[in-house]
Structures are given as structure tokens and as C-alpha cells.
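Work through the exercises below with the model open. Each task is followed by its solution.

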Amino acid sequence: MADSHEEADVVVVGGGIVGVSIAVHLQMRGRQTVLLDRQGPGEATSFGNAGLIQREAVYPHLFPRNLGDLLRYAGNRTPDSYYHPTMLPRLMRPFLGYWYHSAPDRYLAIARNYARLIAHCVEDHMTLAEAADARRLLRPGGWTMAHETETSLAAAVATAETAWRDFGVEYRALDAAALAQEEPHLRPGLAGGLQWTQPVAVIDPHALTLAYTRLFERLGGRVRIGDARTLARSGAGWQVAAEEGAVTAEQAVVALGAWSPVVTKPLGYDPPIFVKRGYHMHYKPDGNAGLNHAVFDVANGYMLAPMRRGIRLTTGAEFAHRDAPPTPVQLGRVEPAARRLMPSLGTRVDPAPWVGARPCTPDMLPIIGAAPGQPGLWYDFGHGHQGLTLGPTTGRLLAAMMTGDVPFTDPSAYRPERF
Ligand SMILES: Cc1cc2nc3c(=O)[nH]c(=O)nc-3n(C[C@H](O)[C@H](O)[C@H](O)COP(=O)(O)OP(=O)(O)OC[C@H]3O[C@@H](n4cnc5c(N)ncnc54)[C@H](O)[C@@H]3O)c2cc1C
């Protein structure tokens, strides 16, 4: 570390989509902000997701509660979930909470609190993307769940009508012909699709995080490289060691996604964060084949998303240690299904599968608010399956709380003290 020393109003540790969004919103409110990451912004989980700003995702992913599903997942052979058996003892504590919060009445209350954030996701991204001159990275038009059977399609449409509409979520039911017209490169013979029409697709999530980072810098923010584990109290404020020198600030924010407990635990806060890892691989389709929207294969639990680099296949949940070497078992399981769904999927582009870690909480809600017992310290992490979706929205919420503005929604459901 160099011997210099810089001061700021706020230091945000963690430069994923969540930390970058907080930093932009603080800087917009005139707070001199330093954003610190151990690598370049957006190079961890925010790099490789499916790129969907999910306006439809008012119901977070729950823990299965019926015996049949539990036995199926316990068998460890499903395409959408895979676990390292050695992880089971560590997962007991978060899974008990996850199971508890997935009971129908509790889950509905959680969905209501989640929906209050989700409702703003598209507008909040559009505002930042406009200011960052990054609208070209966003593709409005929604995404589609492809169904193999009439029965599963009919059930999905019925559920969308009864459970989603009330939350202002819009969709279109596509019969076999309509789906074939929308996506002519999917195999014939599918029953149809359910298309969520409000979500926006990002064609390069890493580029979007970088564009928001450039906006932050244009507003006067500073980006530094350093290890967030050096974060410590310094007088009435906080200090962290950057390669360029020490940074001191009146306030600090932890936005380290799956790595947040590494910093919060020594400060006395040990939330039951667990990770659902996920993989991606890009494919170069044959000839001029392609997809017009991201397509989720309902029967097999993976997504195909058209991106700048090719068709990005993203997998479901892997329960493994956050930092364990990649074990892309699920990619191996679903790739044959993807080739059946889209026969012209083509050749692999990446030299190796990418892996990322979704930071999950047992009650499926992010942790946002003042750190218990640590004046001047704030938390914003645990965005699970929807961190890209919610980064700008929770960033705006936290920035308002930190600067004494009236938050756009009651933040008490997300308070850190609940764990
Ligand atoms: C396969 C897959 C598909 C997904 N698809 C979607 C989707 O379509 N839509 C959606 O909304 N979400 C999706 N997600 C979830 C989303 O990607 C995450 O919720 C989101 O990226 C989390 O952002 P974050 O900023 O909290 O964490 P991260 O992006 O992981 O950022 C954390 C940062 O902390 C830094 N860091 C860690 N330790 C230290 C340290 N000691 N010192 C300094 N810095 C440190 C890291 O370098 C990193 O930059 C998907 C996830 C996966 C894995």
C-alpha cells in the first residue's frame, strides 16, 4: 500500500452491480464516494448472469416443501439443482430458515415485500442507463418460458393470471404457432410459452456495470483497488486500505454480495448467507440462427439468453462452497436438453464454463440498512437470484436512507437486525 491518504464522505466496498449502483446514487446526492473492489468492477457474479431485469420476479425462489420435490432434489440428479454433499452440515442453519420462510402464508408476505422493490427495477435501470449513455445495452421486450406440454403451459398461465396480475405483472400466453413465430429456431412440437412482457434484457451485464461505473466517475466518484477485509473503525468514521493509499470516510457500505460475511463477521454480524452458484457457457449458433428473447426451458431449468458474445446458457442452483473450484455438473446435464430445444445452438465459445455465486438469505429478501451496533456502517447485500434486477433500486433506497431523504418505500422488512 502506498503511503498516501485520501478522504471521502463514503467508502463503498464491493463493486458488483449492487455496490456500483449505491455509489452512483450517493454521488448523485453530492456525497464524495470511493468505490473499492479487489478487482475491476463487475468481475464477480455481476459479470455472467442471464442479463434479465426481472420485472416479473415478485415471487423469490422458494425452498421446496412437498415431500416429492424434496426427495427428487435429495437424489442430486435434477437438472436445475446440484449440491456438494460435504456442504450439507453448513447448509443446515440457512436451510432450516429457508424452509420455514417458504411456508405459504409467510412466503406471501415476503413476496409482498419483494414486489415493492421489483416494481421499480425497470425504471431505475432506465434512469441510470440513460445517464450512463448505455441504453444500447438494454433490450426491452421481455422473456419467454417454453413449455413442452399443454398441461404445464395451462397451469403456468392460470397461475400467472391469479398470482401475478395483482402485482402489476403483465404476460402473454403463446400457443405453439405463436411461439414458433416468435422463436423460429426452437424445435417444433413445443406446446407454447408464457412470455413476461415487461422485463428488459441486458446484452452484456459486465458492460452495463462498467457503464454505470463510468457514470459514477464522471460524477466525481473514485474507484480504488483494495481488500475490503481491511475495513476498520477509524475515529468516528471508517478506514480501508487501497493500493493507492488509505481511504477514510465518515460512512462505509458493505456491498460484497456473497463475500459480505467475510467483512461483517469480524464486526459482530454473522448473517446466514448461503450461495447458489450458477454457470454459464456461450454458443455460436449455426448459420444465422438465433433467439429473439431469452428463453427458459421449464422442464429442464436453464436459460438461453441471446447476448453480445453468443447464446448464453445459464444454469440453476449449485449448493457448494462459495470459493470451491468449479464443478459444472449441471452444465453437462442441461446442455443436451438445450441442443434438443434449439437444434442450431452450435459450438461452445468459452474455453471453460464461467461460475458465479448468488448471495442468498433464508427469507429471500436482501439485507439493507444500518449495521447493528456500528455507527456509520451500512449493509446492502443478499440479492439472491435478482441482484442485476435490484441493484439500482436498492442502491437508490440505501442512498436515500444514508442521506436522510424519505425512502421511496418502507425499508424495515429488509433491516439487518432480522438475522
Ligand atoms: C447463472 C446466474 C444467472 C443469473 N441471472 C440473473 C438475472 O437474469 N437477473 C438478475 O437480476 N440476477 C441474476 N443473477 C443474480 C445476480 O447476478 C447477482 O444477484 C448479482 O450479481 C449480485 O451482485 P452483487 O453486487 O451483490 O455481487 P457481486 O457481483 O458478486 O459483487 C461483489 C463484489 O465484491 C468484490 N469482493 C469480494 N471480496 C472482496 C474483498 N475481500 N475485497 C474487495 N472486494 C471484494 C468482488 O470482487 C465483487 O466485485 C444470476 C446469477 C447467476 C450466478
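**Exercise 1. Split the chain into its domains.**

The assignment gives domain 1 (5–47 + 206–272 + 364–418) and domain 2 (73–103 + 135–200 + 273–360). Domain bounds come from an automatic or database domain assignment. Residues are numbered from 1 along each chain as its sequence is written. This is a predicted model: local features need pLDDT of at least 70, side-chain atom pairs count only at pLDDT 80 or more, and totals for chains, interfaces and linings use all residues.

**Exercise 2. Describe how the two domains meet.**

Step 1. Take the spacing: the C-alpha centres of domain 1 and domain 2 lie 29 Å apart.

Step 2. Count the contact: 18 residues come from domain 1 and 14 residues from domain 2. Two residues are in contact if their C-beta atoms, placed from the backbone, lie within 7 Å.

Step 3. Find the elements on the domain 1 side. α8 (205–218) and α9 (260–264) each supply at least two residues. The largest share, three residues, is from α8. Helices (H or I, at least four residues) and strands (E, at least two) are DSSP runs, numbered from the N terminus.

Step 4. Sort that side by class: 11 nonpolar, seven polar and no charged residues. Ala, Val, Leu, Ile, Met, Phe, Trp, Tyr, Cys and Pro count as nonpolar; Asp, Glu, Lys and Arg as charged; the others, Gly among them, as polar.

**Exercise 3. Map the shell around the ligand.**

Step 1. The ligand is surrounded by 42 residues, with Gly16, Asn49, Gly257, Gly278 and Gly387 the closest. A residue is near a molecule if its C-beta atom, placed from the backbone, lies within 6 Å of it.

Step 2. Two or more shell residues come from each of α1 (17–28), β14 (274–284), β20 (354–360) and α11 (387–402).

Step 3. By class, the shell has 15 nonpolar, 21 polar and six charged residues.

Step 4. Domain 1 and domain 2 each give at least three residues to the shell.
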